[in-house]
Amino acid sequence: MQQATTAPGLDRSLAERISHETYYQTVFRRFRRHRPGFISLIFLGLMLLLIAVTPLLSPYGPNQITSAFSAMPSAEHWLGTDQVGRDMLTRLMTGSGISLFVALLATVVSTLLGVLLGLAAGYFGGWIDIIIMRVTDIVMSFPYLLLVLVAAAIFGPGMWNIVLILGFVNWPGMARLVRSNVMSLRGVNYVQGSQVAGMPTIYILFKEILPNTIAPVLIYATSVMAQTMLDEAALSFLGMGVQAPTASLGNLLNVAQSYTILETKPWMWLPPGLMTILLVVAVNFIGDALRDAFDPRNLQ
Amino acid sequence: MIRYILKRLLIAIPVLLGITILDYFIMSLAGNPMEMMIGPRITQAAIEERAALLGLDKPILVQYWNWLKEAMQGNFGYSFKQNLAVTRLIGNNVAPTVLLMGLSLVLSMLIAIPAGIYSAVHQYSKTDYAIVTASFIGSSVPSFFLALTMVYFFNLRLGWLPSSGMTTLGTAWSLTDTLRHMVLPVGVMVFSVVGVNIRYIRASMLEIMEQDYLRTAKAKGIGRRRVINKHALRNALLPIITIFGMQIPMLFSGSVVIEQVFSWPGLGLLTMSSILNRDYPLIMGVSLLSAVVVLIANLVTDILYAIVDPTIQYT
Amino acid sequence: MAEERKVLLRVENLRKYYPAHSQGLWPVKEFVKAVDDVSFDIYEGETLGLVGESGSGKSTVGRQLVALEKPDGGSILYRGTDLVKMSDRAIREIRREIQMVFQDPNSSLNPRKHIREILAEPMLHHKLVDKAGLDKALQELLDLVSLPRNTLGRYPYEFSGGQRQRLGIAKALSLQPKLLVLDEPVSALDVSIQAQILNLLRDLQKELKLTYLFIAHGLGAVHYISDRIAVMYLGKIMEVATGTELFCEPRHPYTLALKSADPLPDPARRGGLDIVLEGEVPSAVNPPSGCRFHTRCPYAEASCRTDVPPLVAVSNGDIPHLAACPVWQRQREARQ
């Protein structure tokens, strides 16, 4: 039992370092092994960087009107211009930024709501649980896009409303996930031990239970984010989402509802469409990599 | 068993009520739903008379109750735009959507079941990776963008297929004409849901194959194919039932976007135009209808599940 | 022990009924009587063993003492304060003095925290130490359970089962308890480790003047560590006596049966009598009427089916020997 206590950092073999690494170090080490996921993470990072520097590098503002209307891609406008003469590349990058921002924020809103309500439902049970679960049933009964469209019609379209609407519509799935996790954790010894130790409920919920549900929450959140990006795009495409002149991936595609533009000016709709696919695929792959990295079956 | 079904039915009732409350509440934010029932082209005097009759001066709960009573008798009010009963408008548009959704559902399952099972049985093979990756990328494509691309190629470039409506205007109805009109919208819809289905079936198939009785069967020397056919597939019926239930709201959402792009004269198009026109009675009717359909689909799924799976506790 | 026997905890008529789901079309109010009218005392500084088969309700009793289950009736008097009636807030301090060690050491430590957090947070919450004294307190705690000092920065998965149980004990000790509920603390461990942990618990008891309620499945494990033993069957206490008395002179046929079932290393220590139980433990949903053991008892008479035998003193020793079987007693007296 008695062991010589060595100073930390000395005489530690790699194996011991690995056996000693924190949970998140292990997860990251395994995340990197998922090739598509890791590439997606780098791609997303690069995209964010490009989006951030676009205002500095681009000679045009995203809403600045130039003299070239519906111009083909050229040296001045790498991806051409739209019908009113705005630079497509600048708008594409700005729009990607807006779309990512909307999706991320909506995901944060729905995750926060879902986690809080799921924790409450799972931990307290009884009437709180019944009410929260029936509300999730009700919200989930409405076809998702319809609910979003109706809400957008009533509260008015626009970026911030879309964030809130998508956030408020998406929480039930998260709430159910967290609830079922909490219900199984509630009976686990270390949670009961904390109860016996007289720790406050807040502590038990957020410091004992929540850290052990982070993995499924993160994985689910990535899928919510991917879905939210698709929904924002569809909503903006239908004219009920982010409103012009603010660019988003969906409303850039709006012009393609006209067959003339669809047929003769592919530079106006092809890049935003492809960009949407790339970004959503990247988020999905990251989610898949997280799933692998967090999987307890290949832990250690 | 009977008790389980009764219990599920009893749970569905408050949910149904909740749906109507949510529906009513959202619409109240837009205007008075009771007023919406009257319809626009009525004289002021008639409105007042009707208002007194309907109790618009009463508290909101009473109004909701009155609205609920009317709704239960099938009166969902009149469309602002078209001055027709909401029920009639919905009735006129229901068939094309059912056709679109039904066909897409069947086709997507016909693709997803074999692909998902193949993928699971040959886990970690090249084909498995290809199928999973393709389904991943497939479900990352916005359906409207796919629809636009399809129109671009098959209609505008190649001129092979029509891209809007159910029939060619000015011609007599023929089956081939309608079928040709269906290729693109059904194709896009199938594409947009098939990826999720494949992954779901693959995952549940893998789970089933992990189970001990399959290992036992294998150990007893029963052939691989027979193990899968006889034992695994019967249990795979459960996830397939689940998918049918899951699919209904997804297809409904999809139909809004796809009917818009292809001008398919169904409920989705009606919904979109009612939203763009702020035609609240119509919006309200459509959302209520769809929510009820989803609710029934879930209920049927749960009950079928209980019938197929003997291990579910009916408590 | 005998010089001053102060009652630390008195349990009176404790009950726990769980609603049971019936199979019929309509729900019928039925209850699993997990703990039914249980009373006993725990003296300061002693170890009371609580023994019974699965479903006897022994763990439920333990969980009620630490408020993991709410009793449906009865009282738990800790130094005269009824823990059942008081609100949790009012008796926070008292609750701290009763801690629990769980059966499965693998799940008693949060896998996402290192040992330092696991041990420190409850102490800080109860203000038993301040930040300055924390390191010293943690070292003392580890010394108590004989774990090396570099333990603190590690995660639970880095430890063996035995070490985890030591940590589980350290976690319970961190709150300076007076009474420890030990819920089968060694039954999930390797046999070779079991003795170590039992010895550790013994030493700790002496050093810290602890009182134990030691819950166990069979008589073997408790006999070593317990001063007195209570035997439970289907939610009721059958017999309470000192370990020696219980083994040499069992006064309840169920105790005899438990003793017969336990493989003891020394056959000479067995009494002449041996009975082997037949049949299953009856359901606790509809427990047998009268004496709950009558369906399996070789000595049962007609009256056992109807009369619930009370738990009464059967000898006049310094420490009372209680048993709930007047029938067997009478039969033996008649035979003599």
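1. Strand 6 (98-101) of chain C runs parallel to strand 7 (residues 179-183) of chain C, and the two are joined over four bridges. Strands here, like helices, are DSSP runs numbered from the N terminus, with E and at least two residues for a strand, and H or I and at least four residues for a helix; two strands count as paired if DSSP finds at least two bridges between them. Within this pair, C:Val101 has C:Leu182 in strand 7 of chain C as its bridge partner. The model is a predicted one, in which local features need pLDDT of at least 70 and side-chain atom pairs count only at pLDDT 80 or more, while totals for chains, interfaces and linings use all residues. Residues are numbered from 1 along each chain as its sequence is written, and chains are lettered from A and ligands numbered from 1 in the order in which they are written.

2. The pair belongs to an open sheet of eight strands in chain C, whose order is 6-7-8-3-9-10-12-11 and whose pairing is mixed. Strand 6 and strand 11 (312-315) of chain C are the edge strands, and because each has a single partner strand, one side of each is left without a neighbour in the sheet. On average, neighbouring strands of this sheet are turned by 25° against each other, direction ignored, where the axes are lines fitted to C-alpha atoms, for helices over the stretch in contact, and angles in general run from 0 to 180 degrees between N-to-C directions.

3. Strand 6 of chain C also appears in the interface with chain A, since it is listed with helix 2 (92-96) and helix 3 (115-125) of chain C among the elements that give two or more residues to the side of chain C that touches chain A. This contact takes 25 residues from chain C and 20 residues from chain A, two residues being in contact if their C-beta atoms, placed from the backbone, lie within 7 Å. Helix 2 of chain C gives the most to that side, with three residues. By class, the side of chain C has eight nonpolar, eight polar and nine charged residues; Ala, Val, Leu, Ile, Met, Phe, Trp, Tyr, Cys and Pro count as nonpolar, Asp, Glu, Lys and Arg as charged, and the others, Gly among them, as polar.

4. Two backbone conformations in chain C deserve a look. C:Asn13, in strand 1 (residues 7-20) of chain C, has a positive phi of about 50° although it is not a glycine, and C:Asp37, in strand 2 (residues 30-43) of chain C, has a positive phi of about 60°, again without being a glycine. C:Asn13 counts as exposed because it has 12 C-beta neighbours inside 10 Å, whereas C:Asp37, with 17 such neighbours, counts as partly exposed. A residue is exposed if 12 or fewer other C-beta atoms, placed from the backbone, lie within 10 Å of its own, buried if 20 or more do, and partly exposed in between.

5. The interface of chain A with chain B takes 32 residues from chain A and 35 residues from chain B. Helix 5 (126-141), helix 6, helix 10, helix 12 (259-264) and helix 13 (270-294) of chain A each supply at least two residues of the side of chain A, and helix 6 gives the most, with seven residues. By class, this side of chain A has 25 nonpolar, four polar and three charged residues.

6. Within chain A, helix 6 (residues 144-155) and helix 10 (residues 214-237) pack at an angle of about 50°, with their axes 11 Å apart. The two helices are therefore oblique to each other, given that angles under 35 degrees count as roughly parallel, over 145 as roughly antiparallel, 65 to 115 as roughly perpendicular and the rest as oblique. A:Leu145, A:Val148 and A:Ala152 in helix 6 meet A:Asp231, A:Ala234 and A:Leu235 in helix 10, a contact with five nonpolar, no polar and one charged residues.

7. Chain B has twelve helices and zero strands, and 37% of its 315 residues count as buried. Among its contacts between residues at least 6 apart in sequence, 71% join residues at least 24 apart. The axes of helix 11 (residues 267-276) and helix 12 (residues 280-308) of chain B come within 8 Å and cross at roughly 140°, and these helices are therefore oblique to each other. Their contact has six nonpolar, two polar and no charged residues.
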